[in-house]
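Open the model in your viewer and keep the selection panel at hand. This tour says what to select at each stop.

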Amino acid sequence: MALAGNPNAGKTTLFNTLTGARQHVGNYPGITVDYKEGNFTHNNQEITITDLPGTYSLTAYSVEEVVTRDYLVNEKPQVVINIVDASNLERNLYLTTQFLELGCPLIIALNMIDVAKDRGIEIRAEKLAELLGVPVVPVIARSGQGTETLISQAILQVTQEWQPRDISYGEDLDEAIMELIAIISENTFLAHTYPARFTAIKYLEHDDQILQKGQEDDSATAARLEKNVTQVSDHLLKTMDAYPEAIIADHRYGFIKSILRQGVQTHSFDTDRLYTSDKIDKVLTNRLMGPVFMLMILFGLYQFTFSWSEFPVSWLGLLFGWLGEHVETILPDGPVKSMIISGVINGMGGVLGFVPLIMFMFLGIAVLEDSGYLARVAFMMDRIFRIFGLHGSSVMPFIVSGGIAGGCAVPGVLATRTLRSPKERMATLLTVPFMNCGAKVPVIALLIGAFFSENKAMYMFLFTLISWAVALLAAKFLRATVLKGEATPFVMELPPYRFPTLRGLAIHTWERTWQYIKKAGTVILGISILLWALMTYPGLPAATKADYEQQRQAVTSSFAPEIIAESSSEKDVVSEEAQRLRQQVIALSNQESEQALRNSIAGRIGIALEPISRLAGFDWRTNIALVGGFAAKEVIISTLGTAYSMGDVKAEASDSLGKRLTRDPNWNKVVAVAALIFIMFYAPCFVTVVCIAKEAGHWGWALFSMSFNTFFAFLMATAVYQIGTWLG
Amino acid sequence: MSMTFKKLNHKCACLADKVKNCIKQSSCPGQITPLSESCRSGRVKICKITGDRKLCARMASLGVYAGEEAELLCPENGSQCLLKLQGATLSLDSTATRNIMVTEV
């Protein structure tokens with residue numbers, strides 16, 4: 001079975017209700033770009049169901065339409081459940097007419113009948129079924145009402161053959177269609193994929209994908225068809241000033257209207273009335289007040305995130321600190337202990353410690369998305385995006401990538417598939433990694449917390465605005481140089497405002513937070529251990545080690561035996577002399593650790609980069625973390641944690657990374673801002689780079705993204721550091 | 001079944017007449033302007049979709065076609081509009097609004 005219908009008609013909600021799955025359902029059109037499969041049992045029968053992307057028609061205009069149509073014609077599902085929004089029946093049936101023309105066994109799920117009823121819309125399902133010749137079952141996908149009947153009826157349709165139905169497009173076009181069908185049938189043109197009449201109509205509609213398939217399949221017949229269609233189009237343009245697709249669409253609506261006017265749909269009250277959702281829109285999308293509300297709402301989100309996550313984040317910090325101390329006491333000295341404390345606990349703990357912050361951020365975003373406000377943000381941002389050569393459809397990839405902070409560039413890059421223009425898509429593809437993804441947020445939060453703790457939410461908001469400004473300026477630069485081209489129109493359906501359900505919010509927040517935790521426990525853990533190894537080996541030569549040991553012994557032997565005994569005891573409070581001995585030994589150990597780190601593979605890389613990185617204020621330890629960030633941005637924080645804790649497992653083991661950085665002479669507010677700027681804008685992580693190469697169809701663009709972003713980020717970081725230092 | 005469809009199609013409004021009427025302004029008696037220029041709240045009637053044929057087809061699939069009436073929801077929003085029609089709210093950018101010819105109802 002396949003679930004198909006208009007965007008936001010409730011396909012994924014129904015899919016989740018039927019299969020018990022927790023696929024992402026958003027109050028935003030275009031959430032499902034690819035199809036997803038699930039299974040469920042009905043009356044001891046195992047059923048496989050596919051959730052197809054939302055689409056308005058079966059003409060290849062965007063990727064959703066191509067995916068849906070290709071699935072239907074290639075996979076030939078035994079039955080298609082067409083989810084129709086009962087409160088918007090006429091427009092939804094437009095797609096239904098095309099399913100009928102394609103000939104797939106069809107059943108209509110008349111969804112949101114409760115919403116339609118509230119709006120005074122009465123629909124006679126049995127009359128609609130009679131006139132369309134397909135079963136119609138009223139359902140409420142959110143509550144599951146009517147789904148049992150729907151599946152029972154759908155199973156009955158399984159035995160039906162694929163049978164295309166004809167819709168008349170008026171005498172002129174019907175005649176043209178008949179001529180095209182004759183050519184198609186005579187040459188069995190695309191016969192294995194589409195019904196002849198469907199192909200003829202798509203040729204008239206100038207469907208790019210079918211035209212291309214036709215040329216590849218049988219170029220001679222394709223040329224004949226195209227010639228024929230051009231004549232028809234020219235004739236219609238001359239006589240009616242309209243393209244065939246406009247005429248076809250008009251007849252489809254005529255067909256739908258004629259059905260609805262036969263007592264299928266009645267309105268209890270004025271159809272023109274504005275609903276609450278429309279009234280809210282008049283205020284929230286107002287030209288002047290809309291952006292003000294938007295900034296206030298987004299700032300409120302940051303305030304909420306930081307104020308509510310502050311305590312849980314510090315508790316988790318204490319927990320990992322305690323864990324480090326505990327491991328320190330129970331494990332013997334050696335590489336295993338070092339790996340567990342420096343690689344695992346400090347590395348992974350640095351990432352996991354931010355789970356509460358990430359969770360509150362995701363909760364806030366889920367509220368915005370499920371309520372329908374996120375779609376309004378896209379609407380308002382479209383105006384700004386235009387100025388910078390981007391498209392309205394670019395807004396969602398930006399938000400998915402972390403536009404409100406906390407997303408991921410990989411789905412953001414994939415979301416650019418909804419853009420039709422290759423140049424607008426490429427500009428979006430190359431600039432979405434500038435957003436503050438979930439991996440960058442902990443780094444930004446750490447540095448803000450360490451150096452600008454007085455107003456964390458405001459600084460986080462400011463850095464988010466900077467990321468948008470830089471991304472838009474970079475897009476403008478790309479569109480004015482290597483990606484010059486015309487702008488394409490942006491049309492999007494806005495979903496109505498809805499009260500988010502607690503279940504929906506919990507699912508959305510948890511699924512994203514879980515992804516973050518899972519990544520920290522797998523990929524990030526692996527990279528942290530690898531980087532720990534790179535920062536540990538080859539270690540110091542035996543002679544140097546022996547030299548340090550000698551120095552330690554020399555220091556120790558200069559104290560009285562009772563002071564030595566007191567110093568090595570577990571006591572927290574010791575005499576002044578014993579404390580002095582402890583400090584001298586720790587200083588020697590730290591010196592040894594630093595030399596060992598300098599001598600390690602990672603240390604050598606960091607030191608080699610230092611002459612350049614110093615221009616932006618970064619020392620060799622920071623360089624190690626930044627190089628590690630090429631693998632995954634979360635690694636920056638875990639590597640900083642490891643680099644600033646190597647060997648430092650005694651007196652200051654429980655200190656947070658933030659405290660260690662503020663104490664370090666190489667770090668100050670100016671370096672922190674320069675580092676933030678560099679981290680926000682330098683090369684995307686490895687997975688994103690691979691994704692860019694795959695989506696762009698060329699590794700050149702991926703390499704461009706890496707080099708351009710790193711160069712650009714370094715220039716900005718250097719400017720910030722040099723100007724900041726000069727200003728004092 | 002096919003008989004039913006034929007009967008239904010006979011009941012459909014004649015498209016050719018509708019399009020011709022729209023062009024002749026008989027169904028759009030008022031002043032016809034692009035939506036981008038009349039973007040203020042109130043009801044409008046769509047008279048014609050111009051421009052790129054792909055845009056025309058896309059608009060049609062979204063329910064924006066000649067003869068339909070719609071409500072503008074975004075007053076003084078310049079070239080960018082929120083258009084409410086057939087129970088749905090559409091966000092349209094300047095390229096789209098420049099190509100939707102409307103008349104006030």
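**Stop one: chain B**

Select chain B: of its 105 residues, 57% are buried (under 20% relative accessible area with a 1.4 Å probe, counting protein chains only; over 50% is exposed, and in between is partly exposed). This is a predicted model, where local features need pLDDT of at least 70, side-chain atom pairs count only at pLDDT 80 or more, and totals for chains, interfaces and linings use all residues. Residues are numbered from 1 along each chain as its sequence is written, chains are lettered from A and ligands numbered from 1 in the order written, and side-chain values use heavy atoms, without hydrogens or water.

Colour chain B by secondary structure. Four helices and six strands appear. Helices (H or I, at least four residues) and strands (E, at least two) are DSSP runs, numbered from the N terminus. Along the sequence, the pattern is α-α-β-β-α-β-β-β-α-β.

Now show the surface of chain B. About 4,300 Å² is exposed (Shrake-Rupley method, 1.4 Å probe), and carbon and sulfur atoms supply 50% of that area.

**Stop two: chain A**

Colour chain A by domain: domain 1 is 2-157, domain 2 is 170-241 and domain 3 is 289-480. These bounds come from an automatic or database domain assignment.

**Stop three: helix α17 of chain A**

Select residues 395-403 of chain A. Eight of the nine residues in this helix, α17, are buried, so the helix is largely enclosed by the rest of the structure. Among the buried ones are A:Met396, A:Phe398 and A:Ile399.

What do the buried residues of α17(A) pack against? Select α16 (373-387), α18 (409-415), α19 (422-431) and α21 (456-480) of chain A. Contact here means heavy atoms within 4.5 Å.

Finish at A:Ala405, which follows α17(A) and has a positive phi, near 80°.
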